[in-house]
2 protein chains.
Amino acid sequence: MRGTMTTRHPAIDDLLGRLGVGGLIVDPADCARHAADLSGEPGAVPVAVLRPTDTDAVADALRICRRHGLPIVPQGGRTGLSGGAVCLDGNAVLSLERMSGVIAVDPDAMTMCVWAGTPLQTVQERARAVGLDYPVDIGSRGSATIGGTIATNAGGIRVVRHGMTRQHILGLEVVLPDGTVLDGLGELLKDNAGYDLKHLFIGSEGTLGIVTRAILRLVPATVRTSTALLGLAGFDTALSLLASARRHFGADLVAFEGMWPSYWDFVCGEARLARSPLAGRHGIYALVETAHDRSDGEAAFEGWLGEHLQAGRVEDGVIAQSLAETRAIWSVREAVGDVDPALGPHINFDLGIAPRLLGRFVEACDAALGRLGVRRSLHLGHIGDGNLHLLVATGHEQPCSAHAIETVVYGLVDEWSGTVTAEHGVGTIKRQWLARCRTENQLAAMRQLKGLFDPDGLLNPGKVV
Amino acid sequence: MRGTMTTRHPAIDDLLGRLGVGGLIVDPADCARHAADLSGEPGAVPVAVLRPTDTDAVADALRICRRHGLPIVPQGGRTGLSGGAVCLDGNAVLSLERMSGVIAVDPDAMTMCVWAGTPLQTVQERARAVGLDYPVDIGSRGSATIGGTIATNAGGIRVVRHGMTRQHILGLEVVLPDGTVLDGLGELLKDNAGYDLKHLFIGSEGTLGIVTRAILRLVPATVRTSTALLGLAGFDTALSLLASARRHFGADLVAFEGMWPSYWDFVCGEARLARSPLAGRHGIYALVETAHDRSDGEAAFEGWLGEHLQAGRVEDGVIAQSLAETRAIWSVREAVGDVDPALGPHINFDLGIAPRLLGRFVEACDAALGRLGVRRSLHLGHIGDGNLHLLVATGHEQPCSAHAIETVVYGLVDEWSGTVTAEHGVGTIKRQWLARCRTENQLAAMRQLKGLFDPDGLLNPGKVV
């Protein structure tokens, strides 16, 4: 420790003076847990971890860091998969962990005001307590913070009905790198008074400003759902079933997830991570969920499915008859969170492709990866929003480098007019691939925006642009 | 004409060379109809009207104008109410009228690619032709262009269910003032690859760039609706009815419009613009519409309303039993578009206030305007989104100036944390009032963004910031 004390960053004393002993971690052993996120990217131990408790403290801390030229990595729950919260050498971390809690809930206005460090699950539970719902949902809900989901514009399993995080943010308070506070904590659904600044910060992964508080838009709680797992001949059937579900259920279609046999057989077979609710094997598996708050909802869902079974468009299917069965169906889909030990090292692609092209894109990917000699890749995704999660094994038996695999996959994304990240964000990992889905003019505009808000490049350096 | 020819702007010859004779109007008589919009703000006759037919021509035209320092006012259907398309002295107009038409519709993906100059109604009709809907709807649908609705982030009568225009834009092609084309014509619902540039331009009223093409997100068509007009004791009842409707109908609540007696009595009585579907007089009138695509929808709506009638929360009500009756109910609300001759000169406020405060805000407004000696003001609004349209007569019998009225009303907006424009936009009219609902830091950030994209201030000068 003594060694650390003597070489410690000149900003530390000023930060200690402002944030107090409880507001700053400098012990390298304690700092080490803030080095990285869930992306697997190696992170450097931060110079210090700043733990402010209010917006003014964030603003002052950023001013001090700026004066000393100390780069800052904002961190929420560190559950990101793209390295957006990973520390580079010589960075300090600004953790929002002490700025946590629900500030106010207004059930009539269906709004909630929260500190950025509040876990997503806390937000969801507080909404449910008043008969409402915060509909953004992701597997890491227990650790992910609302600020992190705003910074990454989190998606998840209910985007087909509710949209991304962006759609649920009414107001934001943001601190700019120079300590300027943008107080945009409005709760108005309609507000066209000038440029809508909040949209700049949503999804900018902490590179333009630090979100400190937010006003969230809640939705009426879903009283009941119907959930089914369907075995289908192939992707084209899934696509026409999706179109039929959209026509039939409109805004009540909550989820339309697809799992290819590569994923299904691995999860339900070899890796034994879940039990297949279906007996036979199929060309693709679809998880369909609808919400219905009226008496004939379940019957309507069964009628819709029965029609498709009779017409042979659905080869086999089960409808959950209990909460336990609903969980069992979802457990196959959610097993993707547990594949690591069985699958070993792999690249977790988060691609976006127009839904109508997704089936052929997967075939093209398989063919190209086959030519590279790739041993194994798993395919699953949110078919309803064209979001493909492609997991490609990169173990030591792999005949080619991870970079070669990425070159091939992102090359195809470019060719098929897709995106290199649908929901996980750019972070450090996809920064080099951004040009596969953005034009030089778009990248230049992004760099200009970064230069405008963070001219010294001190906020989350090395991320996004 | 000869006089005009000799003094014409030095940019004209270059523009003629690029756009051709059909692409440029220079005759002052023809230019005059492009001077202003529906705001009532006087406009100057533009130096010329540029009428490009494609994106490259827009880019080249902007480059020529920039070289010659000629300011440009982008124009769609000129139906705006805030003076966003009004010409200042020495401005040229860039009209999108020849860049009109639907480029492609994809019913399965529920997307539509359109030129910015396409009328909103054309977009709606093309969507309906494939069983879908483009749900943004405003009274001026026949003339308003999709580009204009994007530039102003148009709202309308179905925001409570479908949100503003922003929510329906998947991709945008935008030309920056220096001629740079940002090709963001992606159709992906989920795409987190870097800063989401399109949101900067949506609602920026043509001050940062010119929208040339867009990919729109369509929604499943609403098969049937239930529409009712209700007489209620007062605003608080309306608010609790809104909360009940939200709980009961969730995402199926399409509209919840409120009309105060000031408006109702003027429109149905004195001005004879519509016929009241109700016999008696009430404290406030609510128009409620729900969508239902299933068999029990109508019964559910009638049941919900019957319960509130029985409990005395609804004093009187009618449910439309035919399309004609639905139209009759809406005609009272839509009569606001026809009040001009009967009401005479007036200020058309477009305020946004948290819904729970709206009732008391109207009372505070009335009291303050009463103290000014204001003769007449009409109140109506989208209660569901806290959007109040307040029409204050300013005829020559008015004892105070329009500025005095605006000072009082926008002062109250400031006090009640509202917005000076919920949906109409800032334009020229509300620019001086922007500080009533935006902090100095927010305004500074807007000015910085304007400076970044339009350093010479040549795009829609005098608007927004």
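These are my notebook entries on a predicted model, taken topic by topic.

**Domains, chain A**

I started with the overall layout. The domain assignment splits chain A into domain 1 (2–95), domain 2 (102–220), domain 3 (225–337) and domain 4 (344–424). I then looked up how far apart domain 1 and domain 4 of chain A sit: their C-alpha centres are 34 Å apart.

**Helix pair, chain A**

Next I went to helix α14 (residues 358–372) and helix α15 (residues 402–415) of chain A. Their axes lie 10 Å apart, and the packing angle is about 155°. Anything over 145 degrees counts as roughly antiparallel, so that is the label for α14(A) and α15(A). I also checked the hand of the crossing for α14(A) and α15(A), and it is right-handed.

**Sheet, chain B**

Over to chain B, for the strand order. I found an open sheet of seven strands, running β15-β12-β14-β13-β17-β18-β16, with antiparallel pairing. The edges are taken by β15 (316–319) and β16 of chain B; each has a single partner strand, so one side of each has no neighbour in the sheet. From one strand to the next, the twist averages 15°.

I wanted a better look at one edge. Which strand does β16(B) pair with, and over how many bridges? The partner is β18 (residues 387–393) of chain B, antiparallel, over seven bridges. I noted two of the facing residues: B:Phe349 has B:Leu390 of β18(B) as its bridge partner, and B:Gly352 is opposite B:Asn387 in β18(B).

Is edge strand β16(B) enclosed or left open by the rest of the structure? Five of the seven residues of β16 (residues 346–352) of chain B are buried, so the strand is largely enclosed by the rest of the structure. I put that beside its edge position: β16 of chain B lacks a sheet neighbour on one side, yet most of the strand is still covered.

**Cysteines**

Last, disulfides. The count is zero over all chains. I picked two cysteines of chain A to see why.

- For A:Cys87, the closest cysteine sulfur belongs to A:Cys31 and is 8.8 Å away, too far for a bond; the cut-off is 2.5 Å. A:Cys87 is buried, at a relative accessible area of 2%.
- A:Cys437 is in no disulfide either, and the nearest cysteine sulfur, in A:Cys365, is 14 Å off. A:Cys437 is also buried, with a relative accessible area of 14%.

How values were computed. Residues numbered from 1 in each chain as written. Chains lettered and ligands numbered in written order. Predicted model: local features only at pLDDT ≥ 70, side-chain atom pairs only at ≥ 80, totals over all residues. Heavy atoms only, no water. Buried < 20%, exposed > 50% of the residue type's maximum accessible area, 1.4 Å probe, protein only. Helix = DSSP H or I, 4+ residues; strand = E, 2+ residues; numbered from the N terminus. Pairing = 2+ DSSP bridges. Domains from an automatic or database assignment. Axes fitted to C-alpha atoms, helices over the stretch in contact; angles between N-to-C directions. Parallel < 35°, antiparallel > 145°, perpendicular 65-115°, else oblique. Left-handed = near helix turned anticlockwise from the far one by under 90°.
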